[in-house]
Amino acid sequence: MLKMIKSLSVVSALALSLSACSSSDSATKKEKLVISTWGFSEDFFREEVYKPFEEEHNIEIVLDSGNNADRLNKIRQGNSDVDVIYLSDYYAEQGIQDGLFEKIDHSAIPNIGDIYEKAQAPTGEEYGPAYTIAQFGIAYNPGEIKKPITSWSDLWNKDLNGMMTIPGITSTTGPMFLDVASKVSGNTKFNEDAAFTKLKELMPNVLKEYNQTSEFINMFAQGEIAGGPIMEMYFSQLREAVPDAQFVSPKEGGYAVMNTVNIVKGSNQKKLAEEFINYILSEGVQEKSARAKVDSPVNKKVQLTEEEARGLTYGGNVINSLNFLDMNFVNKNSKQWIDRWNKELAQ
């Protein structure tokens, strides 16, 4: 009998211990916010952006990294548990057309009122803001080119024969460069035929198209190309390879590349996701990202010195000077442009 009592005591103690462990595990288990992003500067974002938000809200941020197209396709296929997704405006518009994002209440994101008007609703009032705006312009090595580049039309100069690269049509900036060709041909409104005709004239100057910025950087560093159109946010990497490299905002205006943030339809963390979007638009986060040369700020309260602003798309005057494409129009025509590009221009 004594043995039975002892056995029961041991079993009871074990059950209580397991119950306590279970309660403890349950108490310490944190909610998760899954964020789909590019993965660049991940160490900076984890330490300076994500960690403070995790600590303030007692949650865990989980990252799903990759390029725009692959990450958007995961959402399309429904095999993702992403709550918040970062995309360029070109791909964000595709997600909206496919019904992949939650409509958001801008009143739940008060910091939207502190960002440039162009960034507040780049794909419509019901969807996410742009948290940064990059400039698409021209970078070149002045040691390889006789005349300074000041205009988009300078890319058609024969001095660049076989010495430049351009973005492929399926890249984020491909449609922008198609618009460039239309403008260089003399049209104030987009003219598809004129753009493709002008691009055919350019192709002898083009060594290779690039679809990932790393390709541009590698060709530039190895001296295979003298330059080409690129986003300013990558210029610091070019200067590491070629210290005399120059970035030009063409006299006709650069193009705005708007990186947006949206909430994925079906997320059970919508309120938390809205709080996160509000947080990344705050003056503090925007200032940290700008001073680290990671992202150009859209929050108007951020004040940078001339040196801190170097290499960034900074200030209302700069942003208002940029060309902004209608991404709805771009996406409606993109298949036709891709087919035509592949038939008439692809190398």
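This report covers cores, aromatic pairs and helix packing in a predicted model.

**Nonpolar cores**

The largest nonpolar core holds 62 residues. Phe136, Leu155, Phe177 and Leu202 touch the most other members of that core. A second core is separate and has 38 residues. Among its members are Trp38, Ile112, Leu272 and Ile319.

Phe136 shows how the first of these cores is wired. Leaving aside neighbours within four places in sequence, Phe136 contacts Trp152, Pro167, Thr173, Met176, Phe177 and Tyr210. Its other contacts on that basis are Pro229, Ile230, Met231, Gly254, Tyr255 and Val257.

Two of these partners, Met176 and Phe177, are among the buried residues of helix α6. This helix spans residues 174-184. Nine of its eleven residues are buried, so α6 is largely enclosed by the rest of the structure. The buried set is Gly174, Pro175, Met176, Phe177, Leu178, Asp179, Val180, Ala181 and Ser182. Asp179 is thus a charged residue type in the buried set. After α6 comes Gly186, with a positive phi near 105°.

**A buried loop residue**

Is Asn141 buried or exposed? Its relative accessible area is 15%. The cut-off for buried is under 20%, so Asn141 counts as buried. Asn141 sits in the loop between β4 (130-140) and β5 (164-167). Not counting residues up to four places away in sequence, Asn141 touches Phe220, Ala226 and Val242.

**Aromatic pairs**

The model has 21 aromatic pairs. Phe44 and Phe45 form one of them, with an edge-to-face geometry. The centres are 5.4 Å apart and the planes meet at 75°. Both Phe44 and Phe45 are buried.

Tyr50 and Phe276 form a tilted pair, at 6.3 Å centre to centre and 35° between the planes. Tyr50 lies in helix α2 (residues 42-57) and Phe276 in helix α10 (residues 270-280). The pair therefore ties together parts that are 226 residues apart in sequence. Tyr50 is buried, at 3% relative accessibility. Phe276 is buried too, at 0%.

These four residues belong to one aromatic cluster, made up of Trp38, Phe40, Phe44, Phe45, Tyr50, Phe53, Tyr86, Tyr131, Phe276 and Tyr279. Trp38 is also a member of the second core.

**Helix packing**

Two helix pairs are set out below.

| Helix pair | Angle | Axis distance |
|---|---|---|
| α4 (residues 89-97) and α14 (residues 327-344) | about 75° | 9 Å |
| α2 (residues 42-57) and α11 (residues 283-291) | about 175° | 11 Å |

How are α4 and α14 oriented? Their angle is about 75°, which makes α4 roughly perpendicular to α14. On the α4 side, Asp89, Tyr90, Glu93, Gln94 and Gln97 take part. They meet Met327, Asn328, Val330, Asn331 and Ser334 of α14. By type, this contact has three nonpolar, five polar and two charged residues.

The α2 and α11 helices pack at about 175°. They are therefore roughly antiparallel to each other. Phe44, Glu48, Val49 and Pro52 in α2 meet Val285, Lys288 and Ser289 in α11. Here the residues divide into four nonpolar, one polar and two charged.

Phe44 recurs across these features. It pairs with Phe45, belongs to the aromatic cluster and takes part in the contact of α2 with α11.

How values were computed:
Residues numbered from 1 in each chain as written. Predicted model: local features only at pLDDT ≥ 70, side-chain atom pairs only at ≥ 80, totals over all residues. Heavy atoms only, no water. Core = buried A, V, L, I, M, F, W, Y, C linked by side-chain atoms within 4.5 Å. Buried < 20%, exposed > 50% of the residue type's maximum accessible area, 1.4 Å probe, protein only. Contact = heavy atoms within 4.5 Å. Helix = DSSP H or I, 4+ residues; strand = E, 2+ residues; numbered from the N terminus. Axes fitted to C-alpha atoms, helices over the stretch in contact; angles between N-to-C directions. Parallel < 35°, antiparallel > 145°, perpendicular 65-115°, else oblique. Phe/Tyr/Trp six-rings, centres within 6.5 Å; stacked < 30°, edge-to-face > 60°.
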